Each structure stands twice: as C-alpha cells, then as structure tokens.
Amino acid sequence: MKSRGKKLYEGKAKTLYEGPDPDTLVVHFKDDATAYNAEKHAIIEGKGVLNNRISELIFTRLGEIGIPTHFIKRLNMREQLVNKVEIIPLEVIVRNVAAGGICKLLGLTEGEALPRTIIEYCYKDDKLGDPLISDEHILAFGWANPQELDDIVSMTMRINDFLTGLFAGIGIRLIDFKIEYGRQYDGDMVRVVLADEISPDSCRLWDVETNRKLDKDNFRRDLGDLVDAYSEVAKRLGILHGKNEIPKRSKPVLVKSD
Ligand code: C5P
C-alpha cells in the first residue's frame, strides 16, 4: 500500500503529506537546517535521517510512560506516520539551565543554573518572529483554553523530568528544549497530544564531562560538525550501532547566509 499521499505543507525542516487514511499524516524529515528565523539556511546531508530516528525513540518512550503523542510508527529512514492533529500555535520552551534566548533577554551567562525549571511560551508566527508571550495572552486570545493549558503544563513537566533522566543516563545534560502540542479529535472527543518532533534540532544537549554541544547550536554558531554531534546522541541512545549506519555525506551546502 502506498503510504504517502499529496503534499500538504512544507516547513523549514519537515514536509507533511496525506497519510494512508484521513486521520493520518506522513512526516518527512528534510536535511535542511535553518536558524534565526531562516536567515541562515544550509542542507546538511544525514540530518533528517538522524532526527527521524531520535524523535521516534523519544516519542515511543514518552508514549510508554503515558504521554499521549501523535506518533504512530516510523515508515522508513526519513518518514514517520502520525495522527493528524490541529496544531496549538505555541512553542512551549522548557529551560533547566540558562542558554540562548533567556541569556539575551535577562543578561544571564550561558550555563548558569536557573533557580528552578522555567516554562516559556512563544506564539508560533514566523512573520512576527515567534514572540515570547505569557499565559495571559494564550487565554485572552483563546490559543488554548484553561483546561488545555493545565494539561500542557503538567505534560511538559513530566516530559522534562523523563527526558532529563533519559539523557543524564547517557552522559548528556538537557539544558532546554522546545515542544509543540496539538488537538486530536476522536468523534466528539478532543484531547491535547504531544506533536511535532523532539530531536537535537529542538533541544540543547551538552556532554556532562566536556560541555561539548551535541545540538543545533553547532549549526547556529558554527561550533562543529552537526552530523557528528547528532550521531553521537543517536549512538548513546542505542540507535546507531555500526559505522555503516551513520549517513554518508558531503560537506554542508550553505543555501543562504546573512
Ligand atoms: O533560542 P532559545 O534559547 O529560545 O531556544 C530554546 C530551546 O528551544 C532550544 O533548545 C532551541 O533549540 C529550541 N527552539 C526550537 N525552535 C524554535 C525556537 C527554539 O526548537 N523556533
């Protein structure tokens, strides 16, 4: 059976196709890397394959601890089958250690411990540059209702606890990450489920011993080889075993850089 239908949407790092039935979608992980709202863009061979595998493992593990997700199964090296959801237009960011946006916003030093875990929300709108918002905005504009926001916060804290432990067990500090949620309809029922992806594109991951960055900051800040870093995460998660599984690649091709 052909699993992939018509192309529905092409994003910066993923393309969505119709799935084999009306409630499903096929997500295709591209090799495109973008940063600074797509001002910097390159094709990095192998990235899509690694993110598909890493995200599959994380969503499967989260499903096992009772977090509802859109993930159904991986179809091939670059694609996975997911339930169709209505995306809630929020980027939910969890910060355990200061890095990136919060350092700029509040003048903190990268690596500084935060007094406690902080959840931030950004409104998903590329034209506005995904602005930081508060829960007041979410409720006032109806992007999520109070019950949905409660569910989002409690699931997000559980996901953070679980992922912090998962990565600590393989010598990686989970500094921060971004997740997205969607509404999954089932007849008259609707529930909030984890959607999108969780991969080194959407997390900051530092080696416990050396502080080596194993995430997309390698691309954003030209720190090192992105595929080497993502392969290291995949290897430690037990996904890649032999050298042959690491995608063969040429040098990154810069598409546009400002
Ligand atoms: O840039 P900032 O510090 O706000 O990012 C926080 C976390 O959210 C990082 O792990 C980053 O990779 C992730 N993020 C993302 N997509 C965005 C913005 C942030 O995956 N559009």
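Which residue has a polar backbone atom 3.5 Å from an oxygen atom of the ligand? The first legend gives the answer.

Welcome to a predicted model, in which local features need pLDDT of at least 70, side-chain atom pairs count only at pLDDT 80 or more, and totals for chains, interfaces and linings use all residues. Residues are numbered from 1 along each chain as its sequence is written, and side-chain values use heavy atoms, with hydrogens and water left out.

**View 1. Polar contacts of the ligand.**
The residue asked about is Asp201, whose polar backbone atom lies 3.5 Å from an oxygen atom of the ligand. A polar contact here is a pair of N or O atoms within 3.5 Å; within protein, one must be able to donate a hydrogen and the other to accept it, and residues adjacent in sequence count only if both atoms are side-chain atoms. Look also for Arg95, which has a polar side-chain atom 2.7 Å from a ligand oxygen atom. At Arg220, an N or O atom of the side chain is 2.8 Å from an oxygen atom of the ligand. On its own the ligand has 450 Å² of accessible area, and the protein covers 78% of that. Accessible areas come from the Shrake-Rupley method with a 1.4 Å probe; for residues, only the protein chains shown count as cover.

**View 2. The shell around the ligand.**
The ligand is surrounded by 15 residues (each with a heavy atom within 4 Å of it), and the closest are Arg95, Gly101, Asp176, Arg204 and Arg220. By type, the shell divides into 8 charged, 4 nonpolar and 3 polar residues. For this count, Asp, Glu, Lys and Arg are charged, Ala, Val, Leu, Ile, Met, Phe, Trp, Tyr, Cys and Pro are nonpolar, and the others, Gly among them, are polar.

**View 3. Asn211 in its loop.**
Here you can find Asn211 in the loop between strand E14 (203–207) and helix H5 (217–220). Helices (H or I, at least four residues) and strands (E, at least two) are DSSP runs, numbered from the N terminus. Asn211 is not a glycine, yet its phi is positive, at about 65 degrees. With a relative accessible area of 37%, Asn211 is partly exposed; buried means under 20%, exposed over 50%, and partly exposed in between (1.4 Å probe, protein chains only).

**View 4. Asp222 in its loop.**
Asp222 sits in the loop between H5 and helix H6 (226–236). Although Asp222 is not a glycine, it has a positive phi of about 50 degrees. Asp222 counts as exposed because its relative accessibility is 62%.
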